[in-house]
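Let's take a walk through this one, piece by piece. Have the sequence and the 3D view open while you read.

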Amino acid sequence: MDEAEVVKPKKNAVGGRLCCLCNQRRPALKRPKTLEQICRECFYTVFEEEIHRVIVDNQLFKPGERIAIGASGGKDSTVLAYVMSELNRRHNYGLDLFLLSVDEGITGYRDDSLETVKRNEIQYGLPLKVVSYKDLYGWTMDEIVKIIGLKNNCTFCGVFRRQALDRGAALLKVDKLVTGHNADDIAETVLLNILRGDIARLSRCTSITTGEEGPIPRCKPFKYTYEKEIVMYAYFKRLDYFSTECIYSPNAYRGFAREFIKDLERLRPRAILDIIKSGEDFRISTSTKMPEQGTCERCGYISSQKWCKACVLLDGLNRGLPKLGIGRSRGPNSDRQRDMKQSNGTRDIQSKQCGTLDF
């Protein structure tokens with residue numbers, strides 16, 4: 001429990017400090033978001049009620065909808081599955097909930113975390129669907145890393161995982177997909193998109209629901225929930241989750257933004273929410289040309305280019321040119337696309353299907 005701050009209240013003349021909310025029990029923790037010292041019972045209540053208010057105020061769900069919960073076995077997705085199950089029952093949302101996991105094929109990491117998800121399936125009584133990179137793309141991340149190394153591996157994994165979640169959600173025939181992205185994650189994404197100059201993503205990265213123009217909308221009920229509070233909740237509730245970080249992620253660019261956010265939070269706890277608010281208030285100039293959404297000519301997935309990023313990356317792997325898809329795409333007539341067509345002994349990119357990607 002390295003990120004959670006458990007409070008050991010100092011005794012005073014009348015026998016000890018009390019929870020600032022109920023004034024009945026001794027505080028067990030100090031909330032990172034508000035710095036209030038509260039007891040466990042009050043923490044459970046405010047934590048769950050804040051998420052409920054986010055769901056209701058943003059009208060994330062409708063009664064009768066089928067909802068897939070992106071489940072990795074980590075703290076965020078485990079707490080999300082638990083809280084969604086509790087709120088669905090308590091407030092009668094009327095939702096059919098499912099667990100959806102992606103097996104990237106990372107030995108010693110994902111295979112272990114999937115065992116946690118399988119236990120969650122039994123603990124919460126939620127059906128589980130697992131889709132794998134190997135089945136979808138013909139490659140595992142272990143195989144990709146052997147070729148690409150550790151420098152750009154997160155690019156492959158991020159692109160493939162996003163599509164894999166959509167493919168799995170389509171197989172489950174769900175109406176929406178919910179993910180455990182928390183306030184820290186969103187603040188990091190705002191900074192990353194600024195640093196990269198990615199105006200298109202900056203304009204939508206703080207939206208609580210995204211992908212409404214795509215196959216399946218994605219919702220983030222934890223948009224305003226601090227990572228530290230998720231850790232505290234999982235710890236106090238004794239939830240079963242997998243805490244090991246991905247063995248291939250230490251060099252990820254996002255990690256530097258994460259450390260910066262944590263430094264800011266130590267100085268000013270509201271910094272995370274303020275960054276999110278700044279992202280929400282950004283306005284893109286009307287003169288800025290935004291990419292037009294279309295569909296990939298190769299697999300039919302949503303894309304602003306002739307071929308989606310996953311197909312470009314996958315084609316590079318299959319052609320023995322793994323770095324072909326790394327970097328910013330410049331459209332279907334870019335040098336990279338011409339290199340694809342000019343590769344010796346290869347067929348046109350549109351002639352080869354990319355795994356079992358069809359819906």
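## Around helix α9

The buried residues of α9 pack against β1 (29–30), α1 (40–57), α2 (75–90), α7 (183–196) and α10 (253–267). Keep in mind that this is a predicted model. Helix α9 itself spans residues 227–237 and is mostly covered, with 8 of its 11 residues buried. If you want to pick them out, they are E227, E229, I230, V231, M232, Y233, A234 and F236. Right after the helix comes R238, which has a positive phi, near 55°.

## Zooming out

What does the chain look like as a whole? It has 13 helices and 10 strands. Of its 359 residues, 50% are buried. Take the contacts with a separation of 6 or more: residues 24 or more positions apart account for 69% of them. The accessible surface of the chain adds up to about 18,000 Å², and carbon and sulfur atoms own 49% of that.

## The sheet and the helix across it

There is an open sheet of 6 strands, with mixed pairing and the order β5-β4-β3-β6-β8-β7. Which strands sit at the edges? They are β5 (128–132) and β7 (209–210), and each pairs on one side only.

Start with β3 and β4. These two run parallel and are joined by 5 bridges. In the register between them, R66 has D96 of β4 as its bridge partner, and I67 has L97 of β4. For β3, 4 of the 5 residues are buried, so the strand is largely enclosed by the rest of the structure. The same reasoning works for β4: 6 of its 8 residues are buried, so β4 is also largely enclosed by the rest of the structure.

Now go over to β7. This edge strand runs antiparallel to β8 (residues 218–219), and 2 bridges join them. One to look at is T209, whose bridge partner in β8 is C219.

Helix α6 lies across β3 (66–70), β4 (96–103), β5, β6 (176–178) and β8. Its direction is at about 140° to β4.

## Aromatic rings

A pair of aromatic rings is described by the distance of the centres and the angle of the planes. How many aromatic pairs does the structure hold? The count is 14. Two of them are set out here.

| Pair | Distance of ring centres | Angle of planes | Geometry |
|---|---|---|---|
| F43 and Y44 | 6.4 Å | 45° | tilted |
| F156 and F160 | 6.2 Å | 75° | edge-to-face |

Why is the F43 and Y44 pair called tilted? Its planes are at 45°, so the pair falls into that class, given that stacked pairs need planes under 30 degrees apart and edge-to-face pairs over 60. The planes of F156 and F160 are at 75°, so that pair is edge-to-face.

Where do F156 and F160 lie? Both are in helix α6 (residues 153–172), 4 residues apart, about one turn of the helix. This is the helix that lies across the sheet strands β3, β4, β5, β6 and β8. Both F156 and F160 are buried, and so are both F43 and Y44.

The F43 and Y44 rings also belong to a wider group: ring pairs link F43, Y44, F47, Y82, Y124, F222 and Y233 into a cluster. One member, Y233, is among the buried residues of α9. Y44 has a charged visitor too, as K237 lies over the face of its ring, at 4.2 Å from the ring centre.

## Two residues to click on

First up is L192, found in helix α7. Is L192 buried or exposed? Its relative accessibility is 3%, so L192 counts as buried. Leaving aside residues up to four places away in sequence, L192 touches Y253, R254 and A257. From L192 to R258 you travel 66 residues in sequence, yet the C-alpha to C-alpha distance is 9.7 Å.

The other one is D135, placed in helix α4 (residues 133–137). With a relative accessibility of 55%, D135 counts as exposed, because the cut-off for exposed is over 50%. D135 and D103 are 32 residues apart along the chain, and their C-alpha atoms are separated by 9.6 Å.

Key. Residues numbered from 1 in each chain as written. Predicted model: local features only at pLDDT ≥ 70, side-chain atom pairs only at ≥ 80, totals over all residues. Heavy atoms only, no water. Phe/Tyr/Trp six-rings, centres within 6.5 Å; stacked < 30°, edge-to-face > 60°. Buried < 20%, exposed > 50% of the residue type's maximum accessible area, 1.4 Å probe, protein only. Lys NZ or Arg CZ within 6 Å of the ring centre and 35° of its normal. Pairing = 2+ DSSP bridges. Contact = heavy atoms within 4.5 Å. Axes fitted to C-alpha atoms, helices over the stretch in contact; angles between N-to-C directions. Areas by Shrake-Rupley, 256 points an atom, 1.4 Å probe, with all protein chains shown as cover.
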